[in-house]
Amino acid sequence: MNPTRCPYCAEEISPEAVVCPHCRSHIARFDTRSDPRTWHRDWPERLAGGVASAICHGVGLPLTAVRVGFVVLSFFHLGGAFLYAALWLFLPFRPGDESPLEQGLGWAKDAVRRLRTVGGPDTGGERPLDRMSGEPRA
Ligand SMILES: [Zn+2]
């Protein structure tokens with residue numbers, strides 16, 4: 001078994017340890033080894049975007065602690081709000097779904113592809129302009 005580190009005192013402990021033998025901290029539910037790619041926001045206890053419940057299930061922290069953490073962080077330059085928004089962008093709603101960021105990028109890619117092939121919505125059939133020079137493309 002690969003030894004892991006206690007999240008509180010950083011001493012080496014067994015991965016199955018429930019209580020750290022060095023600092024006596026309870027570490028059973030805290031699991032940073034879960035794969036973040038499996039995280040998602042659609043949990044029954046979600047209130048708003050589901051980011052707090054995703055962290056709660058992903059890392060094993062109590063849901064109330066995660067929510068309070070976001071609120072407290074928001075008092076420091078709105079850090080909690082920005083972090084929540086960023087995680088909302090990166091976390092898919094259901095497992096295996098695309099995240100809102102991936103969906104947005106896919107939509108943007110489609111829009112660019114459409115602009116390139118059609119030449120834009122109001123160019124009236126003219127050649128599309130070169131993005132760098134502003135001249136009509138050859
Ligand atoms: Zn410890």
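**From glutamate 45 to the helices**

Glutamate 45 counts as exposed, since 10 other C-beta atoms lie within 10 Å of its own, and a residue with 12 or fewer falls in that class. The model in which this is seen is a predicted one. Glutamate 45 is found in the loop between β2 (12-13) and α1. Setting aside residues within four places in sequence, glutamate 45 is in contact with Ser53 and Leu63. Leucine 63 is 18 residues away from glutamate 45 in sequence, and the two C-alpha atoms are 9.0 Å apart in space.

The chain as a whole comes next. Two strands and four helices make up its elements, and from the N terminus on their order is β-β-α-α-α-α. Of the 138 residues of the chain, 9% count as buried. Among the contacts with a separation of 6 or more, 23% are between residues 24 or more positions apart.

The loop that holds glutamate 45 has other residues to look at. Arginine 41 lies in this loop between β2 and α1. Is arginine 41 buried or exposed? Arginine 41 has 23 C-beta neighbours inside 10 Å and therefore counts as buried, the cut-off being 20 or more. Not counting residues up to four places away in sequence, arginine 41 touches Arg46, Gly49, Gly50, Val51, Ser53, Ala54, Leu91 and Phe93. Histidine 57 is 16 residues from arginine 41 in sequence, with a C-alpha to C-alpha distance of 9.4 Å.

Glycine 49 has its place in the loop between β2 and α1 as well. With 17 C-beta neighbours inside 10 Å, glycine 49 is partly exposed. Beyond its neighbours up to four places away, glycine 49 touches Arg41, Tyr84 and Trp88. Tyrosine 84 stands 35 residues from glycine 49 in sequence, while their C-alpha atoms are 8.6 Å apart.

After this loop comes helix α1. In α1 the buried residues are Val51, Ala52, Ser53, Ala54, Ile55 and Cys56. What covers these buried residues of α1 includes α2 and α3. Which residues make up the largest nonpolar core? There are seven in all: Val51, Ala52, Ala54, Ile55, Cys56, Tyr84 and Leu91. Helix α1, residues 51-59, gives the most to this core, with five residues. Leucine 91, another member of the core, touches Trp39, His40, Arg41, Val51, Ala54 and Ser99, when residues up to four places away are not counted. After α1 comes glycine 60, with a positive phi near 90°.

The helices α2 and α3 can be considered as a pair. Two packed helices are described by the angle between their axes and the distance between the axes. For α2 and α3, the axes come within 5 Å and cross at roughly 125°. That angle makes the two helices oblique to each other, because it lies outside the ranges for roughly parallel, perpendicular and antiparallel. On the α2 side the contact is made by Phe70, Val71, Val72 and Leu73, and on the α3 side by Gly79, Gly80, Leu83 and Tyr84. By class, the contact of α2 with α3 has six nonpolar residues, two polar ones and no charged ones. Tyr84 thus appears in this contact, in the largest nonpolar core and among the residues that glycine 49 touches.

Between these two helices the backbone has two residues to point out. Most residues other than glycine have a negative phi. Histidine 77, although not a glycine, has a positive phi of about 55°. Its place is in the loop between α2 (63-73) and α3 (79-90). Leucine 78 lies in the loop between α2 and α3 too, and its phi is near 60°, again a positive value in a residue other than glycine. Histidine 77 counts as exposed, with 9 C-beta neighbours inside 10 Å. Leucine 78 is exposed as well, with 12 other C-beta atoms within 10 Å.

The last helix is α4. How many of the 19 residues of α4 are buried? The number is zero, so α4 lies largely in the open. Helix α4 covers residues 100-118, and at 1.5 Å a residue it should span 27 Å. The C-alpha atoms at its ends are 27 Å apart, which agrees with that expected span.

Definitions and conventions. Residues numbered from 1 in each chain as written. Predicted model: local features only at pLDDT ≥ 70, side-chain atom pairs only at ≥ 80, totals over all residues. Core = buried A, V, L, I, M, F, W, Y, C linked by C-beta atoms within 7 Å. Contact = placed C-beta atoms within 7 Å. Expected span 1.5 Å × (residues − 1). Axes fitted to C-alpha atoms, helices over the stretch in contact; angles between N-to-C directions. Parallel < 35°, antiparallel > 145°, perpendicular 65-115°, else oblique. Nonpolar A, V, L, I, M, F, W, Y, C, P; charged D, E, K, R; others polar.
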